[in-house]
Structures are given as structure tokens and as C-alpha cells.
Amino acid sequence: MPVIAIVRCSKLPDYEAAVRRAGGDPWIVDPATAPADIVARAGGVLLTGGGDVHPSLYGETPHPAFDPAEPGRDEHEIELARRAMDADLPLLAICRGVQVLNVARGGTLVQDIPAHLTGVLSHKAGAPHEPWALAHEVWIERDSVLARIVEEGGQDPDRCQVNSRHHQAVQRVGEGLVAVATAPDGVIEAIEAPGRRFCVGVQWHPENFYRTGEFRSLFEALVGAVRGLG
Ligand code: MN
């Protein structure tokens, strides 16, 4: 069974369940395990949600809304993302994970959507009691890997409803990555690295749907890439 390294966060159970249901074997990792060892032993990597990447890591000073992640996560996960991409290891990035991936590739973030963007939708829904509550739709680029996966999962890439809960977003897209989904207000909701075995990041929380399966195809694509399928 393909081993998927999942970076430790405060809401692990849904990530683990989603990986299991897709046929993967979850391996919870944290800063105690060197990124080089993770890349050597895991078949794929899942970057999870959490607090904000420190803005100094993309050359900015923190906005007052800065909400740090657990100590050590930024450096560990950025190195893990870099090494996973260097090794072309299948990688799925979720919420904070997208932000980590983008910064790892030299990109920048919108530090606080309400403070820095005007006329935007609410990007917070549901939590904590209904993490599957839908916030807004996303428009997914037709020729992207993500569009194919969402379509395989029985949803319409042109108007896919998502449970986003975030106050940050990708701003300048990092090297080798492209934006492949936006909310109707222009906020970037997904990125991917074309030409890789599998490297996709979504700003919403597909793991919260593991019971009902709306985004199971995303986890199946990760596990399938590890198996050498798709
Ligand atoms: Mn959103």
C-alpha cells in the first residue's frame, strides 16, 4: 500500500481518513523527521492545513492578522516541499499546504484577504462544527490536471462548490507552478505544477468530505500517482 507522509497538524483525523479511503497508508511526520528521510521513505506527500507561513520567508513583514503555525513547521515543510518536487514525488497540498508549496517555490502570499483585497467574497465557512459547509464556487482551468480529477469525481470544473476557510491566498505564483482555479472574486484557489507526476494544491478542504466522497478523486489521484497510474 502506498505510504503517504502527512505533515502533523491540529486536525489530522480527516486527512488520515481521506488517505485511507483512497487506498493509501498514512505516515504522520513532523519536524522530528528530516525531510530527506521522508522523501526517501514515502511514496507521496500530503501538506496539511494550519497557521500562516511567516512572511519573512517571502520577504515581507507580518500584518497584524498574522497567525503563526506551530514552531518548526514552516522550515520543515518548505524543505519537504522543495525536496519532494526535486524528487518528483507525488504531492498534494491543502490550505496552508498550498501556501507552503508556493513559498517554497519563491512565490508570495496575500497576507490577509479582508485587509488587502476589496470586494471579495467570504472565504470562511462552516467551521468548526460543519467543516463541509460550502463557502463559494471555484472556476477551474479546463486543461488542468485538477479539472480532470474534479470531473472524474462527478463535479463540474466550471462551477465547483468548495468549503474554503482561509484568510490568506497565493499572490505571486511560484516558479514552475500555475494557478488553475480562482474564486469568482479572483482569489487563487488552486495551483499545480505541470509536467510532474502529480503536484496539485487546493485552498479548500477536500479531506472534510471523506465520508461523502465529493473530493475522493483528489486523494485517489495522489495515491494513483504513487502507484504509477494516471
Ligand atoms: Mn476561498
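**Notebook: manganese site, sheet, voids and backbone**

Entry 1, metal site. I began with the burial of two histidines and noted that His 123 and His 166 are both buried. The model I am reading is a predicted one. I then listed the ligands of the manganese ion: the donor atoms are ND1 of His 123, NE2 of His 136, OG of Ser 164, NE2 of His 166 and OE of Glu 189. The coordination distances run from 2.0 to 2.4 Å. Along the sequence I wrote the donor spacing as H-x12-H-x27-S-x1-H-x22-E. I located His 123 in the loop between α5 (113–116) and β6 (136–140), and His 166 in the loop between β7 (160–162) and β8 (169–170); the pair therefore ties together parts that are 43 residues apart in sequence.

Entry 2, sheet. I traced an open sheet of nine strands and recorded the order β2-β1-β3-β4-β11-β10-β9-β6-β7, with mixed pairing. Which strands stand at the edges? I found β2 (25–29) and β7 there, each with a single partner strand, so one side of each is left without a neighbour in the sheet. Ignoring direction, I recorded an average turn of 25° between neighbouring strands of this sheet. I also looked up one pairing within this order: β6 and β9 (178–182) run in the antiparallel sense and share two bridges. For Ile 140, I noted Ala 181 in β9 as the bridge partner.

Entry 3, largest pocket. I recorded a volume of about 630 Å³ for the largest pocket. Its lining comprises 30 residues, and those nearest the centre are Lys 11, Gly 49, Gly 50, Arg 165 and His 205. By class, I entered nine nonpolar, 10 polar and 11 charged residues for this lining. Which elements supply at least two residues each to the lining of the largest pocket? I noted α1 and α4 (96–104). The largest share, three residues, comes from α1.

Entry 4, cavity. I searched for enclosed space and counted one cavity of 30 Å³ or more. For the largest cavity I recorded about 40 Å³ of space. I listed its lining as Ala 18, Arg 21, Pro 206, Phe 209, Tyr 210, Gly 213, Phe 215, Arg 216 and Phe 219. This lining divides into six nonpolar, one polar and two charged residues. I assigned at least two of the lining residues to each of α1 (12–21) and α7 (216–227). The helix α1 thus appears in my notes on the lining of the cavity and on that of the largest pocket.

Entry 5, backbone. I then turned to phi. Most residues other than glycine have a negative phi. I noted Asp 88 with a positive phi, near 55°. I placed Asp 88 in the loop between α3 (73–86) and β4 (91–94). Is Asp 88 buried or partly exposed? I entered Asp 88 as partly exposed, at a relative accessible area of 24%. I recorded a positive phi near 55° for Cys 95 as well, again a residue other than glycine. Cys 95 lies in the loop between β4 and α4. Its relative accessibility is 6%, and I therefore entered Cys 95 as buried, given that buried means under 20% relative accessible area.

Key:
Residues are numbered from 1 along each chain as its sequence is written. This is a predicted model: local features need pLDDT of at least 70, side-chain atom pairs count only at pLDDT 80 or more; totals for chains, interfaces and linings use all residues. Side-chain values use heavy atoms; hydrogens and water are left out. Donors are N, O and S atoms within 2.8 Å of the metal (3.2 Å for Na, K and Ca); water is not among the atoms, so sites may look incomplete. Helices (H or I, at least four residues) and strands (E, at least two) are DSSP runs, numbered from the N terminus. Buried means under 20% relative accessible area, exposed over 50%, partly exposed in between (1.4 Å probe, protein chains only). On a 1 Å grid over the protein atoms alone, a cavity is a set of points where a 1.4 Å probe fits but cannot get out, and a pocket is an open set with protein on both sides within 12 Å along at least five of seven lines; lining residues have an atom within 4 Å of a point. Grid points are joined across faces, edges and corners, and a volume is the space filled by probe spheres set on the points. Ala, Val, Leu, Ile, Met, Phe, Trp, Tyr, Cys and Pro count as nonpolar, Asp, Glu, Lys and Arg as charged, and the others, Gly among them, as polar. Two strands pair if DSSP finds at least two bridges between them. Axes are lines fitted to C-alpha atoms, for helices over the stretch in contact, and angles run from 0 to 180 degrees between N-to-C directions.
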